[in-house]
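Student: I should like a close look at one part of this model. Please take me through the salt bridges, with attention to where the partners sit and how exposed they are.

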Amino acid sequence: MQVTSMLSAGYLEPMQNVSRVQNASNAKEVDESKQVKEQEILAEEQSLRAKLGNDAQVHVVYHYSLGSDGKNYITGASVTMKGSEEDLNKVSGGVLTEDLQAHKQEQEDQDTQNIIKSEAEKREAKKADDKAKSKSEDNEDEQVRELKNIQNEVIAHEQAHKAAAGEFGGGISYSYTEGPDDKRYITGGEVPIKLKQGSTPEETLRNMQKVQAAANAPADPSGQDRQVAAKAAAIASRARSEIARERTEDDEKKTTVAKGTPIIKPVSREDEQQDPEKNGVLSVLAAVKELQIQSIIPAA
């Protein structure tokens with residue numbers, strides 16, 4: 001029959017005691033404390049041996065702690081005693097070796113279960129992290145795809161303006177946004193378009209028609225594009241009005257000239273043959289009319 005006794009509970013947590021002692025400011029006090037602990041454990045061991053008598057077998061395992069002076073001090077011990085039940089009953093606080101082993105096995109089983117549980121929790125945590133990371137990567141990929149689509153749309157939009165504007169368009173300028181992949185993507189742009197008026201209303205009208213076409217060239221004109229097109233339309237409307245006014249004035253001049261021009265009927269040969277005298281008079285009248293037209297003589 002064997003009994004195992006733990007001498008000085010402090011040996012069960014030597015690192016904790018050492019840690020507390022090491023925090024002391026005085027190294028000498030630390031070493032003195034270790035010396036006192038060692039003497040207590042050795043005295044307790046001697047007391048157990050005295051109670052057991054000479055027939056019992058005693059096996060001692062010491063636990064040490066390093067002092068600040070470089071020496072190892074006993075800070076705990078486990079004593080295994082083998083002997084008769086009568087002798088062993090003289091020792092209080094001991095635990096039967098079988099019970100101790102059972103307790104140890106139970107503790108090991110519990111530790112194993114804790115390890116299994118901890119590993120399971122780690123796996124679940126890793127799965128959650130992987131899922132969150134995958135979701136984050138998916139969101140990042142989606143953002144990059146969206147930025148690429150915006151970039152393609154902006155480039156196509158501004159190229160349409162540039163191609164339609166011709167001589168009235170300036171250079172394309174772009175604005176950029178940094179994506180989650182640390183790359184820059186085009187997310188905005190503009191092409192300056194000149195509202196250039198011509199030297200004549202007709203030329204101004206042609207210019208504004210081209211500006212309107214340039215502003216409305218993209219499939220999805222922006223609000224600013226529509227404003228440019230509206231300004232060009234207003235200028236074109238004024239040019240049309242000017243053209244119409246000039247045409248009206250030209251038509252009025254032509255009508256006035258037509259109303260003031262006399263019509264002279266030529267004398268036929270038959271009239272000349274029938275009445276020579278009359279024909280002579282008509283000839284004179286015709287000549288007079290011609291002189292009146294030339295403002296040589298006043299009209300009758």
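Tutor: The model is a predicted one, and a search of the whole structure finds 4 salt bridges. Helix α6, which spans residues 223-259, is a suitable place to begin.

Within helix α6, Glu242 and Arg245 are 3 residues apart, about one turn of the helix. Their side chains meet in a salt bridge, with an N to O distance of 2.4 Å. Arg245 also forms a salt bridge with Glu249, here at 2.7 Å from N to O. Arg245 and Glu249 are 4 residues apart in helix α6, again about one turn. Glu242, Arg245 and Glu249 are thus linked in a network of salt bridges.

The accessibility of these three residues can be considered in turn. Glu242 has a relative accessibility of 28% and counts as partly exposed. Arg245, at 40%, is likewise partly exposed. Glu249 has a relative accessible area of 36%, so it too is partly exposed.

Another salt bridge lies in helix α4, which covers residues 97-165 and contains both Lys126 and Asp130. The side chains of Lys126 and Asp130 meet with an N to O distance of 3.1 Å. Lys126 and Asp130 are 4 residues apart, about one turn of the helix. Lys126 has a relative accessible area of 52% and is exposed, because exposed means over 50%. Asp130, at 39% relative accessibility, counts as partly exposed.

Terms used: Residues are numbered from 1 along each chain as its sequence is written. This is a predicted model: local features need pLDDT of at least 70, side-chain atom pairs count only at pLDDT 80 or more; totals for chains, interfaces and linings use all residues. Side-chain values use heavy atoms; hydrogens and water are left out. Helices (H or I, at least four residues) and strands (E, at least two) are DSSP runs, numbered from the N terminus. Buried means under 20% relative accessible area, exposed over 50%, partly exposed in between (1.4 Å probe, protein chains only).
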